[in-house]
Amino acid sequence: QVQLVESGGGLVQAGGSLRLSCAASGSIFSINDVGWYRQAPGKQRELVARITRGGIPSYGDSAKGPFTISRDNARNTVFLQMNSLKPEDTAVYYCNAEIVLTSRATVNVWGQGTQVTVSS
């Protein structure tokens with residue numbers, strides 16, 4: 001019925017930037033809160049940033065300062081601009097969203113993840 005597709009990951013040198021995108025598609029009526037999470041090898045998944053439907057952001061401790069979350073409701077897309085990347089930012093980044101379907105049912109959806117690798 002609905003899916004999230006992340007893109008924009010890749011390999012970047014320390015100090016570089018990446019912009020991740022999370023695009024939702026399917027039988028969507030509206031999208032509520034959306035979050036970016038990441039999981040490094042051997043570690044638990046952690047919150048990077050979240051944004052409300054109205055565009056109010058909040059950030060995990062690891063993302064404050066160099067990361068910015070934003071959204072384009074018309075395109076059902078959320079972005080994560082990551083600047084000043086460090087090797088410890090290396091992880092699989094996942095998008096998560098609470099989506100209201102055209103049936104008015106609400107579902108919680110995860111994307112498949114996109115790999116971000118920061119070299120030193």
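**Exercise 1.** Which residues does Leu80 touch, not counting residues up to four places away in sequence?

*Solution.* The model under study is predicted. Step 1: with those residues left out, Leu80 touches Leu18, Arg19, Leu20, Trp36, Val48, Ala49, Phe67, Thr68, Ile69 and Tyr93. Step 2: Leu80 is also among the residues with the most contacts inside the largest nonpolar core, together with Trp36, Met82, Tyr93 and Ile99. That core has 31 residues. Step 3: the elements that give two or more residues to this core include strand S1 (2–7), strand S3 (18–26), strand S8 (77–82) and strand S11 (114–119). The most is given by S9, with six residues.

**Exercise 2.** Determine whether Ile56 is buried or exposed, and describe its surroundings.

*Solution.* Step 1: Ile56 is placed in the loop between S5 and strand S6 (57–59). Step 2: the relative accessibility of Ile56 is 57%; exposed means over 50%, so Ile56 counts as exposed. Step 3: not counting residues up to four places away in sequence, Ile56 touches Arg50 and Ile51. Step 4: Ile69 stands 13 residues from Ile56 along the chain, and their C-alpha atoms are separated by 9.2 Å.

**Exercise 3.** Identify the residues that line the largest cavity and classify them.

*Solution.* Step 1: the structure holds one cavity of 30 Å³ or more, and the largest cavity contains about 30 Å³ of space. Step 2: its lining consists of Ile31, Arg71, Asp72, Asn73, Asn76, Thr77 and Val78. Step 3: at least two lining residues come from each of S7 and S8. Step 4: by class, the lining has two nonpolar, three polar and two charged residues.

Technical notes. Residues are numbered from 1 along each chain as its sequence is written. This is a predicted model: local features need pLDDT of at least 70, side-chain atom pairs count only at pLDDT 80 or more; totals for chains, interfaces and linings use all residues. Side-chain values use heavy atoms; hydrogens and water are left out. A nonpolar core is a set of buried Ala, Val, Leu, Ile, Met, Phe, Trp, Tyr and Cys residues joined through side-chain atoms within 4.5 Å. Buried means under 20% relative accessible area, exposed over 50%, partly exposed in between (1.4 Å probe, protein chains only). Helices (H or I, at least four residues) and strands (E, at least two) are DSSP runs, numbered from the N terminus. Contact means heavy atoms within 4.5 Å. On a 1 Å grid over the protein atoms alone, a cavity is a set of points where a 1.4 Å probe fits but cannot get out, and a pocket is an open set with protein on both sides within 12 Å along at least five of seven lines; lining residues have an atom within 4 Å of a point. Grid points are joined across faces, edges and corners, and a volume is the space filled by probe spheres set on the points. Ala, Val, Leu, Ile, Met, Phe, Trp, Tyr, Cys and Pro count as nonpolar, Asp, Glu, Lys and Arg as charged, and the others, Gly among them, as polar.
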